[in-house]
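Student: I have just opened this entry and would like a short tour. Could we begin with the overall picture and then go into detail?
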Amino acid sequence: MKLLIAEDDAFFRKILRQLLSTEFEIITAEDGTAAWNLLRQNEWPLLAILDWVMPGMSGPQVCREARASAATAETYIILLTGRNSAADIVAGLHAGADDYVTKPFEAEELRARVRLGRRVVELQMTVKAQSASLREMRQRGKTVQADFDLASSHRRALQESRSSRFSR
Amino acid sequence: MQDKENPVSPPRPHLLIVLAEDDRSTASRAVAAPTGPMLSGLGHTVALVRTHNQVLEHLGQHPFDLFLVDILMPEMDCISTTVAIRNQEKDAGVHLTIIGMSPYPSQSDRKRCLAAGMDRYISKPRNTDELQTVLLAFLNPDAIQNATRPLGWNRNNILERAGGTEKDLRDMVEVFAQEKPNLMAEVNLALTTGQAELLELTALKLGEELAYVGALELARSARDLAQLGRRRDFPKAAALIRGMQFKLGEIDAIMSRAAL
């Protein structure tokens with residue numbers, strides 16, 4: 001699965017790549033605007049780690065834009081930041097982030113959270129596929145019903161015409 | 001952008017050196033270039049001293065790997081300094097490598113220096129190649145102290161943070177060694193050009209990196225630096241950066257050694 005890492009600090013960009021590149025296909029952005037362009041121009045990635053403080057758009061700004069657009073609304077977004085007060089966490093989640101990791105993070109915890117994101121995305125995709133096939137079945141059901149209704153009405157009409165003939 | 005995956009190579013050994021040398025001494029300069037810049041050029045961290053008291057003060061504050069002394073120091077008798085160091089070591093049970101160097105080597109000086117407790121007595125290196133040869137002779141891993149240094153750096157914690165394997169730790173140390181100079185250059189640029197906002201932002205980044213690699217004391221200094229940037233207090237910021245430089249060199253040394 002593709003994973004977007006948006007981080008202006010080269011150190012953390014490299015660290016995150018090292019930690020996650022065995023499990024994910026990594027693409028990186030060095031500022032918020034580039035991150036937003038990558039998100040909206042592609043149907044992937046469905047997973048993104050966004051640093052909070054970046055030149056151009058901040059992580060929360062990218063989050064808000066992503067949530068406001070149908071194409072990117074379902075992207076699983078993890079905000080990454082040195083801020084860790086309750087107010088900051090609430091602000092991050094309010095902007096539409098799915099999860100929140102503070103620096104300094106532990107490698108294993110970060111991996112676990114990104115894996116959780118992948119599971120959510122995979123589940124979303126399964127649900128989407130299932131609801132699509134459900135819609136299709138329902139559509140097919142409607143067609144059958146319509147045929148049945150038509151047949152019934154024909155039958156009724158036939159019966160009516162017969163009974164009227166007999167009654168004469 | 002695409003980061004190149006670098007093959008893993010052990011970080012270059014990095015020594016903490018107390019250097020007693022008087023770059024104003026014409027006797028020495030006539031023969032050899034100043035050693036300090038050559039050592040820095042080779043990537044080592046150097047504390048330059050001129051007096052007996054400065055030497056003891058530095059050694060009291062940090063565990064150094066090497067004491068390199070020009071024996072023709074105008075303000076210092078290297079023999080009594082060596083004796084003082086050896087006396088102090090008796091109680092602590094440690095041994096600092098002391099190398100005496102002379103622009104005009106003689107047999108009688110050699111005897112006096114070795115008798116006082118120096119490990120080696122050499123002709124003063126005239127260029128980087130000669131100096132490198134001397135250090136390579138010294139640089140066997142057993143000779144490098146593995147003592148825990150007083151910077152609150154805990155190898156086990158950081159090994160775990162990095163992912164748990166030795167390779168994870170090496171990778172982290174290597175990335176830090178690659179990226180830290182760029183960030184420091186940016187900090188210095190912000191300072192010299194008076195860009196308060198850049199100083200604050202870069203210092204915050206530096207603080208996050210230092211916290212990640214476990215240099216907590218330095219991370220706090222970086223956060224203080226960000227505050228000074230916000231307040232546009234450039235003189236205090238400059239002083240704080242000067243104070244951080246040495247400890248940054250030290251944390252480099254500690255980590256590159258710990259990751260070997």
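Tutor: Certainly. This is a predicted model. In chain B, among contacts with a separation of 6 or more, 68% are made by residues 24 or more positions apart.

Student: And how many helices and strands are there in chain B?
Tutor: Chain B has 11 helices and 5 strands.

Student: What percentage of the residues of chain B count as buried?
Tutor: Chain B has 260 residues, and 40% of them count as buried.

Student: Now the two chains together. How many residues of chain A are in contact with chain B?
Tutor: On the chain A side there are 17, and they are in contact with 18 residues of chain B.

Student: Which elements of chain A give two or more residues to that side?
Tutor: Those elements are α1 (10–20) and α5 (107–167) of chain A. The most comes from α1(A), with 8 residues.

Student: What kinds of residues make up the side of chain A that touches chain B?
Tutor: That side consists of 8 charged, 6 nonpolar and 3 polar residues.

Student: A change of topic: where is E65(A) found?
Tutor: E65(A) belongs to helix α3 of chain A, which covers residues 59–68.

Student: Why does E65(A) count as partly exposed?
Tutor: E65(A) has 18 other C-beta atoms within 10 Å. Because a residue is buried at 20 or more and exposed at 12 or fewer, that count places E65(A) in between.

Student: And how far is E65(A) from G96(A) in space?
Tutor: Their C-alpha atoms are 9.3 Å apart, while E65(A) and G96(A) are 31 residues apart in sequence.

Methods. Residues are numbered from 1 along each chain as its sequence is written. Chains are lettered from A and ligands numbered from 1 in the order in which they are written. This is a predicted model: local features need pLDDT of at least 70, side-chain atom pairs count only at pLDDT 80 or more; totals for chains, interfaces and linings use all residues. Helices (H or I, at least four residues) and strands (E, at least two) are DSSP runs, numbered from the N terminus. Two residues are in contact if their C-beta atoms, placed from the backbone, lie within 7 Å. Ala, Val, Leu, Ile, Met, Phe, Trp, Tyr, Cys and Pro count as nonpolar, Asp, Glu, Lys and Arg as charged, and the others, Gly among them, as polar.
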